[in-house]
Amino acid sequence: MEENMNCRNGLNPSGGQTIIVNNVPAANKNNGFGIAGFVLALVGVVFCWVPAFDWVVWILGLVFSVIGVCRKPRGLAIAGLALSLLGVILIVLVMGVFAAALATM
């Protein structure tokens, strides 16, 4: 009977203290919007010569990157934002080249 009392009091039958360990998994630390914004911005920079596709991808990349900057971790979201701004410059440059080519025809 005393052995059962020791188990209820936190002591194991051999006389030592029972230790209970709760293994809580670490929080998943990724930023889905930041990653999506980075990937879309990268695709937008690679395909900057395709006007209609580039505008859609650029806008989505910019929006996802801005949302991702508000969450942690921010690394890829900031990189996506920088690539999106680079994409704007490339879009304007490519449109200028196309406009100059059409003007000479």
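The crossing of H2 and H4 is left-handed, and it is a good place to enter this predicted model. The two helices pack with their axes 8 Å apart, at an angle of about 25°. Angles under 35 degrees count as roughly parallel, so H2 runs roughly parallel to H4. On the H2 side, the contact is built from Gly34, Ile35, Gly37, Phe38, Ala41, Leu42 and Val45, and H4 contributes Leu76, Ala77, Ala79, Gly80, Leu83, Ser84, Leu86, Gly87 and Leu90. Sorted by class, the residues of this contact are 11 nonpolar and 5 polar, with no charged ones.

Let's stay with H4 for a moment. This helix covers residues 75–103, which makes 29 residues. From its first C-alpha to its last it reaches 42 Å, close to the 42 Å expected at 1.5 Å a residue. Its buried residues are Ala77, Gly80, Leu83, Ser84, Gly87, Ile91 and Val94. If you look at the spacing of such a list, it helps to recall that an α-helix has 3.6 residues a turn, so residues three or four places apart point the same way. And what do the buried residues of H4 pack against? Their partners are helix H2 (32–46) and H3.

That brings us to H3, which spans residues 51–69. The axes of H3 and H4 come within 8 Å and cross at roughly 155°. Since angles over 145 degrees count as roughly antiparallel, H3 and H4 are therefore roughly antiparallel to each other. H3 passes H4 in a left-handed crossing. From H3, the contact takes in Pro51, Asp54, Trp55, Trp58, Gly61, Leu62, Ser65, Val66, Gly68 and Val69; from H4 come Ala77, Ile78, Gly80, Leu81, Ser84, Gly87, Val88, Ile91, Met95 and Phe98. By class, this contact of H3 with H4 holds 13 nonpolar, 6 polar and 1 charged residues.

Ser84 is a handy residue to click on here. It is found in helix H4, and it counts as buried because its relative accessibility is 1%. Which residues does Ser84 touch, not counting those up to four places away in sequence? They are Ala41, Trp58, Gly61, Leu62 and Ser65. Ser84 is listed in the contact of H2 with H4, and also in the contact of H3 with H4.

The remaining pair to look at is H2 with H3. These helices pack at an angle of about 150°, with their axes 7 Å apart, and that makes H2 roughly antiparallel to H3. H2 passes H3 in a left-handed crossing. H2 brings Phe33, Gly34, Ala36, Gly37, Phe38, Leu40, Ala41, Val43 and Gly44 to the contact, while H3 brings Phe53, Asp54, Val57, Leu60, Gly61, Phe64, Ser65, Ile67 and Gly68. Divided by class, the residues of this contact of H2 with H3 are 11 nonpolar, 6 polar and 1 charged.

Val57 gives a close-up of this packing. Its place is in helix H3, and a relative accessibility of 7% is why Val57 counts as buried. Leaving aside neighbours within four places in sequence, Val57 is in contact with Leu40, Val43 and Gly44, residues that H2 supplies to its contact with H3. To look from Val57 towards H4, pick Gly87, one of the buried residues of H4. Val57 and Gly87 are 30 residues apart in sequence, and their C-alpha atoms are 9.9 Å apart in space.

Definitions and conventions:
Residues numbered from 1 in each chain as written. Predicted model: local features only at pLDDT ≥ 70, side-chain atom pairs only at ≥ 80, totals over all residues. Heavy atoms only, no water. Helix = DSSP H or I, 4+ residues; strand = E, 2+ residues; numbered from the N terminus. Buried < 20%, exposed > 50% of the residue type's maximum accessible area, 1.4 Å probe, protein only. Contact = heavy atoms within 4.5 Å. Expected span 1.5 Å × (residues − 1). Axes fitted to C-alpha atoms, helices over the stretch in contact; angles between N-to-C directions. Parallel < 35°, antiparallel > 145°, perpendicular 65-115°, else oblique. Left-handed = near helix turned anticlockwise from the far one by under 90°. Nonpolar A, V, L, I, M, F, W, Y, C, P; charged D, E, K, R; others polar.
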